[in-house]
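Visitor: I would like to learn how to read a model like this one, feature by feature. Could we begin with a single residue and then widen the view?

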Amino acid sequence: MNHKDARPSEKLEEYGLLKELAMNLIWCWNHKCDQIWRQLDIDLWDRTHNPWALLQAISKESIKRAFVDPAFCKQVNDLLEHQRADESRTSWFEKTYPNSALSTVAYFSMEYMLSEALPIYSGGLGNVAGDQLKSASDLGVPVIAIGLLYQQGYFRQVIDKDGMQLAFYPYNSPEDLPIQPLRNANGEWLRFELDFPGWSVWVRAWEVKVGRATLYLLDSNDLVNYPPHRAITSELYGGGPEMRLQQELVLGIGGWRLLNALGIDPEICHLNEGHAAFAVLERAKSFMARMGTSFDAALAATRAGNLFTTHTAVPAGFDRFPEELIRRYLTKYAEEELKISVQDLLSLGRSDPWNGGEPFNMAYLALRSCAAVNGVSKLHGTVSQRIFESVFPRWPQEEIPIDAVTNGVHVPSWDSPAADELWSEHCGKERWLGTTEHLEQELKRVSDERLWEMRNNARKSMISYGRERIRRIWKSRGLSPEEAAMADKMFNLDALTLGFSRRFATYKRANMLLHNPARLIRILTNPERPVQLLIAGKAHPADRPGQAMIQEWVRFIQQPEVRSHVVFLTDYDMFVAANLVGGVDVWINTPRRPWEACGTSGMKVLANGGLNLSELDGWWAEAYCPEVGWALGDGKDRGNDPAWDAEEANQLYDLLENEVIPGFYKRNEKGIPVAWIARIRESMARLTPQYSANRTVREYTERFYLPGAKRYQERAANKGANAKQLAEWMASMQKRWPHFRFLEQRVQTDAKEHLFEINVDFGGLHPDEIAIELFSSPQLKHAMQKVGENRYSVSVPSDHPADQFTARARPSNPALVLPLELPLISWQK
């Protein structure tokens with residue numbers, strides 16, 4: 001197409017073309033879109049990275065002038081053509097599972113990190129939700145996401161001259177966000193009512209296009225609402241327990257009602273943390289109304305299609321509410337809508353259903369209402385088994401039914417332009433739209449020279465960004481233009497650049513590098529092998545120790561000999577993070593094991609050729625090997641031990657001095673660090689696909705969404721008849737199980753085997769309803785066979801002593817997910 005033909009059609013206004021681009025967030029993972037917005041207003045774009053706000057601010061004359069340029073017209077048309085083609089192409093999901101039972105996944109999360117243009121996120125949880133939603137779009141997995149629209153979002157950060165963090169809450173005007181009101185067919189704004197004590201709350205719905213996927217956001221800032229209720233969705237993670245409960249009622253109950261209003265009946269409900277667990281109650285209520293079942297039968301049916309992903313590494317991280325608050329807000333809902341007592345509802349949120357003094361735990365509600373539960377790394381899956389052990393009394397910890405799906409990042413959102421260019425050269429532009437098995441071998445063919453060129457370009461781009469941001473910060477503090485221009489002398493374009501950005505919480509140990517300040521200064525200021533460090537992050541406004549760590553860093557940086565080597569980039573957000581992970585040579589992560597459930601910041605450097613130096617926690621505990629980076633710690637849980645913290649700080653210094661810095665500066669005759677590049681190549685090729693959200697979403701789809709959808713449809717068939725039978729059977733088993741007993745046991749041993757025989761008293765149970773096992777460990781257990789009216793037997797090799805084995809009984813029903821749905825078990829005494 002020549003440039004003249006590329007002019008927009010006279011039937012479509014130029015503004016309309018740009019609006020179509022701006023209102024679909026697919027632009028935020030397409031580097032070419034940035035060029036469009038920069039040409040329209042480079043200063044406004046660099047300050048906001050919000051194309052919709054930019055379009056609201058610039059004049060129509062500016063838009064018309066831009067479209068006079070044929071090249072600009074072609075860019076716009078090409079991008080629109082690509083966007084429309086993306087929406088209509090046959091996706092990985094459609095090609096791979098054309099006849100699946102899965103039509104819709106409803107994904108609930110308290111926050112989403114999609115773009116700095118939509119600031120409704122705080123950190124890790126939103127990062128995971130946003131990246132998985134983008135990858136669902138890439139792969140065509142039919143996900144509809146539900147969240148909240150916060151008027152203020154998370155706080156914005158300023159650091160004063162003393163290093164103290166100041167928190168500000170600017171208003172997010174919906175008119176400036178890439179969202180639009182969700183309207184009914186008659187044009188009316190879709191709104192619905194929730195019952196709160198003494199008042200009802202009107203909730204409005206907004207729509208966000210995320211490629212092929214859709215995100216619906218709910219907010220309570222409706223003029224008809226009681227003023228305090230308008231503030232329910234004012235602030236992410238703000239207020240006290242009552243506001244948090246109100247937010248979670250809007251998200252969970254309101255979110256499912258929104259789906260009902262839209263005529264959407266998802267097979268899968270995916271809870272990204274327990275905040276949204278009230279959605280499972282509303283889903284059961286909706287099933288009751290459609291099928292005419294009891295709550296127990298409705299929960300048995302819908303549970304099959306519910307998935308709970310926990311991100312919490314310590315029990316204190318779960319939302320818990322006093323019984324009084326639950327009774328005040330949910331008694332009417334339980335009795336009139338669910339047709340159960342509020343006591344029955346409370347029991348769903350307690351590890352011991354009958355402990356009246358135990359608070360209502362949203363994670364326990366999610367656990368009891370889902371047929372699948374997973375942690376977000378292999379290590380976190382094990383940690384979660386320990387956390388939820390009390391819900392499964394007498395079950396071995398290793399058999400607590402918590403699975404694991406390690407998080408991944410949406411690579412197109414986090415790769416630098418330089419890295420994107422290299423990946424496109426060797427793996428094609430559609431590399432993240434399907435399976436990724438071929439990418440490792442393709443990347444391993446990249447030459448040392450090309451990789452080093454990419455790394456140098458990415459580092460220089462990051463430094464350019466850092467200088468500009470520092471210049472603006474200094475100007476905002478009243479420095480003259482001449483003084484602010486000194487930012488251009490910050491950083492060395494060729495020096496080893498370390499980075500980290502994170503929430504400043506004590507368990508993340510962000511000040512580990514400051515354990516020995518004098519040693520750190522020596523590392524940074526070596527004239528022969530200079531090192532520079534970029535830092536960013538926020539501490540929660542109520543977290544004084546976290547804020548103290550920021551202050552400690554700022555005071556360290558203010559020392560004259562350090563000032564040109566270390567920078568703290570304030571007001572950490574998605575754009576700051578993208579620039580850091582795009583350019584740093586080494587990413588440092590120092591959490592206290594095992595408190596980092598997964599951690600994704602280090603994953604973001606992989607595609608960009610950055611290397612990780614991290615504690616053996618979260619994802620790095622399973623990803624690390626010496627060929628791809630460096631590890632801190634010994635892989636053991638040491639708790640809050642200051643002596644061990646000091647030991648690991650010294651390990652960190654040693655690694656930097658003896659391995660990292662020498663490795664970066666050891667060059668061949670061409671000036672290339674060959675061994676360093678070998679690590680980069682191995683890290684990029686091996687780890688980038690494995691720790692991408694592409695892999696994560698495909699894993700969720702194949703391991704949970706598809707089987708869960710099939711299971712839900714089986715239970716929901718015939719107006720829930722199968723679910724009704726299951727609910728009645730489970731209730732009956734609960735009553736009859738205490739009467740089951742083990743009787744006498746006999747063991748005969750010879751040179752080769754032990755023969756175990758045991759008698760049982762079924763106590764009203766049918767033999768088909770139970771499984772009898774001989775148990776030594778989860779890896780060493782044997783099914784016992786019924787050999788008489790009430791006798792079971794099994795022979796096992798005698799290479800283990802007979803007294804290591806114990807008989808046990810558990811329910812058996814192939815239609816249930818056990819022990820998650822019925823955690824009964826009996827052991828021989």
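Guide: Let us start with histidine 275, bearing in mind that this is a predicted model. Histidine 275 sits in the loop that runs between β9 (268-272) and α11 (278-291).

Visitor: Is histidine 275 buried or exposed?

Guide: A residue is called buried when its relative accessible area is under 20%. Histidine 275 has a relative accessible area of 11%, so it counts as buried.

Visitor: Which residues is histidine 275 in contact with, leaving aside its neighbours within four places in sequence?

Guide: Its partners are Met110, Leu125, Tyr237, Arg244, Glu248, Leu251, Asp319 and Met362.

Visitor: What can be said about phi of glutamate 273?

Guide: Glutamate 273 also belongs to the loop between β9 and α11, and its phi is near 80°, which is a positive value in a residue other than glycine. With 6% relative accessibility, glutamate 273 counts as buried. Aspartate 571 can be read in the same manner: its phi is near 55°, again positive in a residue other than glycine, and its place is the loop between β17 (566-569) and α24 (574-583). The relative accessible area of aspartate 571 is 11%, so this residue is buried.

Visitor: Where are the cis peptide bonds that involve proline 594 and proline 819?

Guide: One is the bond from arginine 593 to proline 594, with omega near 5°, and proline 594 lies in the loop between β18 (586-589) and α25 (601-604). Another joins leucine 818 and proline 819, where omega is about 5°, and proline 819 is found in the loop between β27 (806-811) and β28 (826-827).

Visitor: How far apart are isoleucine 550 and isoleucine 159, in sequence and in space?

Guide: They are 391 residues apart in sequence, yet their C-alpha atoms are 8.9 Å apart in space. Isoleucine 550 is part of helix α23 (residues 544-557), and its relative accessible area is 0%, so it is buried. Not counting residues up to four places away in sequence, isoleucine 550 touches Gln157, Ile159, Gly163, Gln165, Phe504, Gly537, Lys538, Ala539 and Phe568.

Visitor: Which residues have the most contacts inside the largest nonpolar core?

Guide: That core has 178 residues, and those with the most contacts inside it are Trp37, Phe108 and Leu271. Helix α29 (residues 693-736) gives the most to this core, contributing 14 residues. Apart from it lies another core, of 61 residues, including Ala510, Ile557, Val566 and Leu656. To return to tryptophan 37, its contacts, with neighbours within four places in sequence left aside, are Leu18, Leu21, Ala22, Trp45, Pro51, Leu54 and Leu55.

Visitor: Why does the radius of gyration agree with a compact globule?

Guide: The comparison rests on chain length: with 829 residues, a compact globule would have a radius of gyration near 28 Å, and the chain has 29 Å, which agrees. Taken along the principal axes, the C-alpha atoms fill a box of roughly 90 × 70 × 55 Å. The chain holds 29 helices and 28 strands, and 59% of its 829 residues count as buried. Among contacts with a separation of 6 or more, 72% come from residues 24 or more positions apart.

Visitor: What do carbon and sulfur atoms supply to the exposed area, and how far apart are the mean positions of the charges?

Guide: The chain exposes about 32,900 Å², of which carbon and sulfur atoms supply 49%. The mean positions of its 95 positive and 106 negative charges are 1 Å apart.

Methods
Residues are numbered from 1 along each chain as its sequence is written. This is a predicted model: local features need pLDDT of at least 70, side-chain atom pairs count only at pLDDT 80 or more; totals for chains, interfaces and linings use all residues. Side-chain values use heavy atoms; hydrogens and water are left out. A nonpolar core is a set of buried Ala, Val, Leu, Ile, Met, Phe, Trp, Tyr and Cys residues joined through side-chain atoms within 4.5 Å. Buried means under 20% relative accessible area, exposed over 50%, partly exposed in between (1.4 Å probe, protein chains only). Helices (H or I, at least four residues) and strands (E, at least two) are DSSP runs, numbered from the N terminus. Contact means heavy atoms within 4.5 Å. The radius of gyration is taken over C-alpha atoms; the globule rule is 2.2 Å times the number of residues to the power 0.38. Accessible areas come from the Shrake-Rupley method with a 1.4 Å probe; for residues, only the protein chains shown count as cover. Lys and Arg count as positive and Asp and Glu as negative; His and the chain ends are not counted. The place of a charge is taken as NZ of Lys, CZ of Arg, CG of Asp or CD of Glu.
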